[in-house]
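User: Please take a close look at the aromatic side chains of the model shown here. I would like a connected account of how the rings are arranged and what surrounds them.

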Amino acid sequence: MDDLLKFLVTRINDDNHAYAYVAETMGGEALLDSHLPMLDLIEQLANDYNAMASSDSRSAGLAYALRVLGQSYAEHPAYQQEWRP
């Protein structure tokens, strides 16, 4: 799961850099309908999972949710099929 978390955080950072480029190039209004809030929430879930004890009853559900969210990057060359839910 650690590899998936690192992968997700890296993809989120890449996406944030892309949005920053768009904002600099086209102005902040170009981001009004962006996925930035969703990216922040996914990063928060990854951080929560990382801080969560494996004995926490929520960890299995959160791990599944992160695997589902990771599928949005399934076409990325670093995505591993074993991460599929």
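Analyst: **The aromatic cluster and its surroundings**

F7, Y73, Y79 and W83 are joined into a cluster by ring pairs (Phe, Tyr and Trp rings, the six-membered one for Trp, with centres within 6.5 Å; planes under 30 degrees apart are stacked, over 60 edge-to-face, the rest tilted). This is a predicted model, in which local features need pLDDT of at least 70 and side-chain atom pairs pLDDT 80 or more, while totals for chains, interfaces and linings use all residues. Residues are numbered from 1 along each chain as its sequence is written, and side-chain values use heavy atoms, without hydrogens or water.

The structure contains four aromatic pairs. One of them joins F7 to Y73 edge-to-face, with 6.2 Å between the centres and 85° between the planes. This pair bridges distant parts of the chain, since F7 belongs to helix 1 and Y73 to the segment after helix 3, 66 residues apart (helices are DSSP runs of H or I with at least four residues, and strands runs of E with at least two, numbered from the N terminus). F7 counts as buried because its relative accessibility is 5%, and Y73 does so at 15% (buried is under 20% relative accessible area, exposed over 50%, partly exposed in between, with a 1.4 Å probe and protein chains only). Y79 and W83 form another edge-to-face pair, at 5.5 Å centre to centre and 85° between the planes; both Y79 and W83 are buried.

Beyond its ring partner F7, Y73 is in contact with L8, R11, I12, D15, L39 and Y79, neighbours within four places in sequence being left aside (contact is heavy atoms within 4.5 Å). F7 and Y73 also belong to the largest nonpolar core, which has 18 residues and in which F7, Y49, L66 and Y73 have the most contacts (such a core is a set of buried Ala, Val, Leu, Ile, Met, Phe, Trp, Tyr and Cys residues joined through side-chain atoms within 4.5 Å). Helix 1, helix 2 (36-51) and helix 3 (59-70) each give two or more residues to this core, and helix 1 supplies the largest share, six residues.

L66 leads to helix 3, where S59, L62, A63, L66 and G70 are buried. These residues lie on the same side of helix 3 because they cover an arc of only 105° around the axis, taken from the directions from the helix axis to the C-beta atoms. Helix 1 and helix 2 are the elements against which the buried residues of helix 3 pack, whereas the face turned away from the buried side carries the exposed residues A60 and Y64.

S59, in helix 3, is buried at 13% relative accessibility. Its contacts outside the four nearest places in sequence are Y49, M52, A53 and S54. The side chain of S59 also reaches the backbone oxygen of S54 at 3.4 Å.

Y49 and L66 return at the start of the chain: M1 touches Y49, A63, L66 and R67, residues up to four places away not being counted. M1 lies in the segment before helix 1 (2-26) and is partly exposed because its relative accessibility is 27%. The C-alpha atoms of M1 and L45, 44 residues apart along the chain, are 13 Å from each other.

Conventions
Polar contact = N/O pair within 3.5 Å; in protein donor to acceptor, adjacent residues only side chain to side chain.
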